[in-house]
Amino acid sequence: MMQKRNFLKRSLAAVGAASLLPWNVSAAPKKGKSIIDGQFVHMVFFWLKPETNVNDFIASTEGFLKKVKEVRKYHLGTPAGTPREVVDNSYTVSLVVTFESKADQDRYQEHEAHVAYVEANKDKWDTVKIFDSWGAL
């Protein structure tokens, strides 16, 4: 009987401790919310010229993004090297930026930091592909 009580005490203590942890019980997005922070997603893929320093390009990109208040979140990356038939790893740098609205993305496009960035860097890439998406949830 004593072993049973000790087991119950330890079990209840473990459950109590676990309840103090920052669990996110509701992992599914709520209706009208995006899984990503921001309803408008702007995805840019750059194919840089061979002489372009990738690290300098990424630093320049991050520098201008920090100046645009409409940017909710962003991700800068390079190909993950996932060799599957459906994956295009041919780009050099990817940029994903989220905004709360299309209007915020429109302001970003016209922001002086963005305009100056494009002007300063447009000779560093051979190709740029852009995909914009509006949240469907």
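## The largest pocket and the nonpolar core

The largest pocket holds about 170 Å³ of space. The structure is a predicted model. Its chain has 137 residues, and 13 residues line the largest pocket. Those nearest the pocket's centre are Val44, His114, Val118, Val128 and Ile130. By type, the lining consists of ten nonpolar residues, three polar ones and no charged ones.

Which elements each supply at least two residues of this lining? There are two strands and two helices, given in the table with their residue ranges.

| Element | Residues |
|---|---|
| β1 | 40–48 |
| α3 | 102–110 |
| α4 | 112–121 |
| β4 | 125–134 |

### The chain as a whole

The protein chain contains four helices and four strands. Read from the N terminus, their order is α-β-α-β-β-α-α-β. Of the contacts between residues at least 6 apart in sequence, 74% join residues at least 24 apart.

The chain exposes about 9900 Å² of area, and carbon and sulfur atoms supply 58% of this. Buried residues account for 26% of the chain.

### The nonpolar core

The largest nonpolar core is made of 18 residues. Phe46, Leu65, Leu95 and Tyr108 have the most contacts inside this core. Two or more core residues come from each of β1, α2 (54–65), β3 (93–99) and α4. β1 and α4 thus appear both among the elements of this core and among those of the pocket lining.

What does Tyr108 touch, leaving aside residues up to four places away in sequence? Its partners are His42, Phe64, Leu65, Val68, Val71, Leu95, Val97, Phe99 and His114. Two of these partners, Leu65 and Leu95, are also named with Tyr108 for having the most contacts inside the core.

### Histidine 114

His114 is one of the residues nearest the centre of the largest pocket, and it lies in helix α4. Is His114 buried or exposed? Its relative accessible area is 10%. Buried means under 20%, so His114 counts as buried.

With residues up to four places away in sequence left out, His114 touches Phe64, Tyr108 and Gln109. Phe64 is also touched by Tyr108.

A further relation links His114 to a distant part of the sequence: Lys67 is 47 residues away along the chain, while the C-alpha atoms of the two residues are 8.8 Å apart.

Key:
Residues are numbered from 1 along each chain as its sequence is written. This is a predicted model: local features need pLDDT of at least 70, side-chain atom pairs count only at pLDDT 80 or more; totals for chains, interfaces and linings use all residues. Side-chain values use heavy atoms; hydrogens and water are left out. On a 1 Å grid over the protein atoms alone, a cavity is a set of points where a 1.4 Å probe fits but cannot get out, and a pocket is an open set with protein on both sides within 12 Å along at least five of seven lines; lining residues have an atom within 4 Å of a point. Grid points are joined across faces, edges and corners, and a volume is the space filled by probe spheres set on the points. Ala, Val, Leu, Ile, Met, Phe, Trp, Tyr, Cys and Pro count as nonpolar, Asp, Glu, Lys and Arg as charged, and the others, Gly among them, as polar. Buried means under 20% relative accessible area, exposed over 50%, partly exposed in between (1.4 Å probe, protein chains only). Contact means heavy atoms within 4.5 Å. Accessible areas come from the Shrake-Rupley method with a 1.4 Å probe; for residues, only the protein chains shown count as cover. A nonpolar core is a set of buried Ala, Val, Leu, Ile, Met, Phe, Trp, Tyr and Cys residues joined through side-chain atoms within 4.5 Å.
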